[in-house]
Amino acid sequence: MSVGKNEPRRDGPAKLTGRALYLDDVAIPGCWHGVTVRSTVPHGKIKSISYDPSFPWDECVVVTAKDIPGKNLVALIEADQPLLADGIVRHREEAIVLIAHADRATAYEAAKRVKIEYEALPPVFDMEKSEKIFKSFLISRGDLDAGFAAADVVVTGEYRTPSQEQAYIENNAIAAYEEDGVLIVTGSLQCPYYVLKAMKQIFNRGEDKIRVIQTVTGGGFGGKEEYPSMLAGHAALLALKAGRPVKIVYDRHEDMAATTKRHPAVVRHRTGLTKDGKLLAQDIEVVMDGGAYATLSAVVLSRGTLHAAGVYECPNVRVKSKVVMTHTPPNGAFRGFGAPQTLFAVELHWEKIADALKIDSLTLRQRNIFKLGSTTATGQHLLESVGAEECLQKTVKNSKYAAKRKEYDRWNKNPKNPTWKGIGLSVCHHGAGFTGSGEVYLASRAGIALTKTGELIVLAASTEIGQGTNTMFAQVASDALGVPASWFSVETPDTHKVPDSGPTVASRTCMIVGGLVSRATKDLKRAFEAEHGRVPRTTAELKKAAAALCQGAPARRFEVQYEKPPDVTWDDATYRGDAYGVYSYAAIVVDLEIDKLTYEVRVRKVTTAQDIGKAINPLLAEGQVIGGSTQGLGWALLEEPIFKDGVMINATFTNYVIPTSLDTPPFEVILVEKPYSRGPFGAKGVGELPMDIPGPAVAAAVKHATGRLIPTLPQTPERISRALQ
Amino acid sequence: MKLTVNGKKKSFKGAPFKRLIDALREDFALTGTKEGCGEGECGACTVLLDGEPVNSCLIPVCQAAGRKVETIESMGAPEKLSKLQAGFLACGGAQCGICTPGMLMTAHAHLKGGGKCDDASVRTALAGNLCRCTGYQDIVKSVVAAAKGKK
Amino acid sequence: MRGDAKSMTVLSPRSAAEAVKTYAKVPTALPLAGGTDLMVGWNLGQLNGRAVLDLSRVAEWRRIKVVGDGVDLGSLVTHAQIQAHPVLRKRFPLLVAACATVGAAQIQNRGTIGGNIANASPAGDTFPALAVYEATVRVIGPNGRRAVPMSEIFAGVKKTTLKPGELIEAVFLPFPDQTPTRGVFRKVGTRAAQAISKTMFAGLIWTAKNGELADARLAFGSLAPTVKRLYAVEGFLRGRRLTDVSIAAAAELMTNDVSPIDDIRSTREYRLIVSRNLLIAFLKGEVK
């Protein structure tokens, strides 16, 4: 058995020795360097584009919107984002002109020699003043007015979260070239078939004439979900016009200033409760800033909306949400995908309710938390794998939460102590897989190939981006067939080699695609049993059986497609039903202290329990939990893109600070395994869950330490100092 | 211009102000050294210059003339990992892998220089290497485990 | 990376004299020491086509020399070298502590004391310590050598009072006549390591036997275009006892000497509050 074991990461040895080839490491003969000329105004009409006549333009290839053979569109959900701005720009750093040159420095020099004149149009930067709504949702359960009428107390609150930069250490990078009439696009990306879909429309080509291949990818976190479609289009336009390979490798400043980030949000709560703290009514309003184009905003908002009421049973709920346009670079996918914003609000709101009711927030949560059989705001009945209470209980116990609250209350009363100490808690759920009927529309496929020489190859477009996809797939296939994991290899995501298993997003790779791999492998198992008599026990036997099963063909493929479980129902029109097949759950306790002189926050310890159904590889799962939680701590304490006139003005690693090894606390991770009957070996999603709730736990701990509830992230020393003045 | 790279004498004939990272990657085909920021913040480009960790994105190659440069390629091979690399594999010290070569070079210099292998000392030594995936705990564990000779 | 290596001219003098001579010939050249700042701008493509005066081969500027009345730090001495030097560790602990907060190991191995000064950032990490140790910057130029007190080396943000053709050859740290009773360096940065400072404090006090303050030297970084000695506060405290009343009065005076701003790293308000807290805590002996 391989599932449940810490099989070493398959991509480890190559990465540890510097042999793994990221896009910029790949030697592509004759490759030119592409650069981008970007908008310097947040909103305006392009009046003219001129090229400095003293520059030798004949050495370069220059591309504008006019060179696009098909649609000037980055196809995603709405058809609104152009590949290159044409006539009008809607945000700073919007791509307008592309240039390629054999020499990287000369290409950048050429970019400086392009002059674009604009007629300025008025920009909107404040999401609350925007009149352009990309998408809105309404969730409604019970009778809200009756709920408030019955309530003993009503507590209101407003919570704000900023944008966040994914800050993968490998910047966006893609190369393109044509080979035998096929346009090849290769690079750092999460979703090969998203890129393919966009390329088809840009170049008017069929899937046989476009091939998307992932290279080793140095982190994504959502930041390489949709943006690579844009970059691939740029590189391919240049390559086709130049008649040679072109690569575009962003530098850090460009990557930060021009590419997608987390949606800033404001969330308002009005909550009615009994005096014992039982929830009676939740009225929640969510506004998110989508930036200049719709991109993924509708689905980010959807997930945020569906998580807004938290992990609590409440008979009367209304969630009204909208995502609006502003003249800033489009916001997009980032681990958590809308949920961290709304969960920050609902979780921190408990601290406000606790003050109003004089009941501590742990007790309040315990009185309302989802249990087996609970019903969510969309009317979904939670019939299996509900680990919320267990996560809460284990986290509270292992962190000594109750004792520490008392201990720190005493510590904080002594003015001689140099710090204030605080301990804070939060709990959440995170829907695994696509929202609502999303998985049905995706209709993902994955499979196993058996070659006639006895190779076993997992076929999926799901990408290894550091989270351990390839190792996990091999482990799942190993146990599904009952042979060692080392018998399996995993095919490189390449749209000419692997079926479309959907995007590598939404905590779906293990639960959904792993499930498909498991099913396909079981088909293979049945074929072995039927045609060979049994599953081979040795590699020699495997070779023999493979020859028999392939019947002369080079390989035999076993592919399966996602099937909607018959009892899962969802209505997109009313937003009622089973929003997700299942939820993962987590609880976290953050233990911190604040320097009384400088208000600097030091996180001393994080304890977290996460119900992920089944840890296929506990070491990798823990890696997701610690890494995701650390990104959450960064968002909670340090990270804040600062915008001025529509552009990020701290777009460097010097000024946009992410946690270092000395900013990061020791973690205690408890994996809770409440198996999900439809996940492979019981597994649910783990990727995004850990990002969801460090924010509110930090804010709750800051409140415990200082007595001040700061309803805004990040909880910087500046904000704490101000709250205490 | 002459310099020693991973124990071998090399001559470099390009522009003297080319960055060390570019000379390594483009002229000597040593692409294990990665560029993450070009600001000296992330440490992904860390190599050892006369045994000390430095950011190769901030050094013109002319300043490395006559000196010894060590890159990730001087450590173990995939089939024969060094003790430190094996520690990273066993303890989950690498995820996406882009920070890993720089991280390993800094950790290697720390241990070779007789640095302490308690949690706090390792964290201080690695503070110039940003990792966005791991949250550092498993990296620190990897270094400590390797230092203590565990597999 | 937007720098164009082939557009650059590198000048590599081998001695101080040659450095001065070469610089005189190419006055537009950019002096280059450890490169930890210059190369950042170069990578952004801001310095293409320039000549660079690479000082790294001037061996005589790499040395730390302990002389009778102090320590002479060659301008190319790195932050790592300073931290490792036993005499500096013993006699100038605030400078050693400051050097440990410059970037992280990779930057400390390359960044130099001379480069740090020549760069003249308002947030230069070593400046408050150099200010309270009353260091002297030794300069060499076409008209010979001169010594510039730390208090006169900076002209503003990213500006020094170096004259055309002048280069920093060393920083002289005089041994204090008497060992300070108390000394503290504290940097408040944007995170726990590898941070740019929001405010920085260095303080030394000498207490007389009668309990009165014999002398105080106090300095802040990042609160004004250049490092600020708190001369008014020092003068006020001299000869007084440190009591709650005198300390509060000192803290009031401090605001006259500094002019913090709002920027992308912090706010004026925070910088003032925290700096005041640090000063008060230092005078009370409550900050380590």
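A polar contact is taken here as a pair of N or O atoms within 3.5 Å, where one must be able to donate a hydrogen and the other to accept it. With that in hand, the predicted model can be read starting from one aspartate in chain A.

A:D11 sits in the segment just ahead of α1 (12-16) of chain A. With a relative accessibility of 13%, A:D11 falls under the 20% cut-off and so counts as buried. Its side chain picks up two polar contacts: one with the side chain of A:R9, at 3.1 Å, and one with the side chain of A:K15, at 2.6 Å. Setting aside neighbours within four places in sequence, A:D11 is also in contact with A:E464 and A:T471, as well as with B:Q95 from chain B.

That last residue leads on to the interface between the two chains. Chain A puts 53 residues into the contact and chain B puts in 46. Together the chains bury about 3,800 Å², with 56% of that area on carbon and sulfur atoms. On the chain A side, A:L16, A:I169 and A:S661 account for 20% of the area buried against chain B, more than any other three residues. As for polar links, 27 residue pairs are in polar contact between chain A and chain B. Six salt bridges are counted between these chains, and B:R25 pairs with A:D24 in a salt bridge whose closest N and O atoms are 3.5 Å apart. Which elements give two or more residues to the side of chain A that touches chain B? They are α1 and α16 (618-637) of chain A, and α16(A) gives the most, with seven residues.

Chain B itself splits, by its domain assignment, into domain 1 (2-74) and domain 2 (83-147). Fourteen residues of domain 1 of chain B meet 13 residues of domain 2 of chain B in the contact, and the C-alpha centres of these domains lie 20 Å apart. About 1,100 Å² is buried between the two domains of chain B, 65% of it on carbon and sulfur atoms. Four residue pairs are in polar contact across this boundary, along with one salt bridge. B:E70 and B:K112 form a salt bridge, with 3.9 Å between the closest N and O atoms.

Then there is the nonpolar interior. The largest nonpolar core holds 137 residues, and A:Y585, A:V590 and C:L218 touch the most other members. A second core, separate from that one, has 45 residues, among them A:M256 and A:I658 from chain A and B:F88 and B:L104 from chain B.

Note on methods
Residues numbered from 1 in each chain as written. Chains lettered and ligands numbered in written order. Predicted model: local features only at pLDDT ≥ 70, side-chain atom pairs only at ≥ 80, totals over all residues. Heavy atoms only, no water. Core = buried A, V, L, I, M, F, W, Y, C linked by side-chain atoms within 4.5 Å. Buried < 20%, exposed > 50% of the residue type's maximum accessible area, 1.4 Å probe, protein only. Helix = DSSP H or I, 4+ residues; strand = E, 2+ residues; numbered from the N terminus. Contact = heavy atoms within 4.5 Å. Domains from an automatic or database assignment. Buried area = accessible area lost by both parts, 1.4 Å probe. Salt bridge = Lys/Arg side-chain N within 4 Å of Asp/Glu carboxyl O.
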